[in-house]
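Trainee: I'd like a close look at one part of this model, namely its salt bridges and the helices around them. Could you take me through it in one go?

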Amino acid sequence: MDTDLIRRAQRGDQEAFASLVDAVGGRLQAVAHRILRDIDLAEDATQQALLFIWRDLPQLRDPARFDAWSYRLLVHACYAEGRRSRQVSSIRMPTVDGPSAPDATATVDDRDQLERGFRRLSIDHRAVVVLHHYLDLSLEEVALALGVPAGTVRSRLHHAMRAMRASLAADARAAVREVAR
């Protein structure tokens, strides 16, 4: 991230902040969507995070840490939106980056199973999975972004992966029982 742009925005330069929003807004929106699994909630969380960023930017001591700091604000906004909504949203298929598989039916079924398993995770677990696997942040970078110890990140990631495997196994067992009928 351009630290000069961040410093100008810290001093209240609205054009610099608008450029900053253009540079990071889409990425923040994508992360929020992957955590919350609902486009409307993700938009609300992103807007809230951008307000927090504008409000708190003058207090950011090290502009080089802007990315981790902005992800922390975004994740907190996602937590707030998740608590506020507490409603079950309709299932939305995740976007797939890259070419589609030859057997589209199997791919859709696999994505649907993953989506159901991911939705069963807590927002804390989803945040760690998204930051680590989607953004490809190291566990230390995830800890910095979330403001928690690295051990907590490792624990959350471990429990999230275990819960996803258990969810997929339970779905597979249910499918086998359904076919046996």
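Which residue forms a salt bridge with Arg55, and how far apart are the closest N and O atoms?

Mentor: Arg55 pairs with Asp56, and their closest N and O atoms are 2.8 Å apart. Arg55 itself is exposed, because its relative accessible area is 51% and the cut-off is over 50%. Keep in mind that this is a predicted model. The mean pLDDT of the protein is 86, with 88% of its residues at 70 or more. The weak spot is residues 87-102, where the pLDDT is below 50; even so, that stretch has 24 contacts in the model beyond near neighbours in sequence.

Back to the charges. The count of salt bridges comes to eight, so let's go through some of them. Arg84 and Glu81 make one, and here the closest N and O atoms are 2.3 Å apart. Both sit in helix α4, and because they are three residues apart, about one helical turn separates them. Their surroundings are a nice contrast: Arg84 is exposed, with a relative accessible area of 55%, whereas Glu81 is buried at 7%.

It's worth pausing on α4 itself, which covers residues 66-85. Its 20 residues should span 28 Å at 1.5 Å a residue, since the expected span counts one less than the number of residues. The end C-alpha atoms are in fact 28 Å apart in the model, so the two agree. The helix is also mostly covered, as 14 of its 20 residues are buried. Glu81 is buried, while its partner Arg84 is exposed.

Now go to helix α5, residues 104-119. Glu115 and Arg119 both lie there, four residues apart, about one turn of the helix. Their side chains meet in a salt bridge, 2.9 Å from N to O. Glu115 is buried, because its relative accessible area is 2%, and anything under 20% counts as buried.

Towards the start of the numbering there is also a network of salt bridges, which links Asp4, Arg8 and Asp13.

One last residue, this time away from the charged pairs. Ser167 has its place in helix α8, residues 150-180. Ser167 is buried too, with a relative accessible area of 7%. Leaving aside neighbours within four places in sequence, Ser167 is in contact with Gly117 and Arg120.

Technical notes: Residues numbered from 1 in each chain as written. Predicted model: local features only at pLDDT ≥ 70, side-chain atom pairs only at ≥ 80, totals over all residues. Heavy atoms only, no water. Helix = DSSP H or I, 4+ residues; strand = E, 2+ residues; numbered from the N terminus. Buried < 20%, exposed > 50% of the residue type's maximum accessible area, 1.4 Å probe, protein only. pLDDT = per-residue confidence, 0-100. Contact = heavy atoms within 4.5 Å. Salt bridge = Lys/Arg side-chain N within 4 Å of Asp/Glu carboxyl O.
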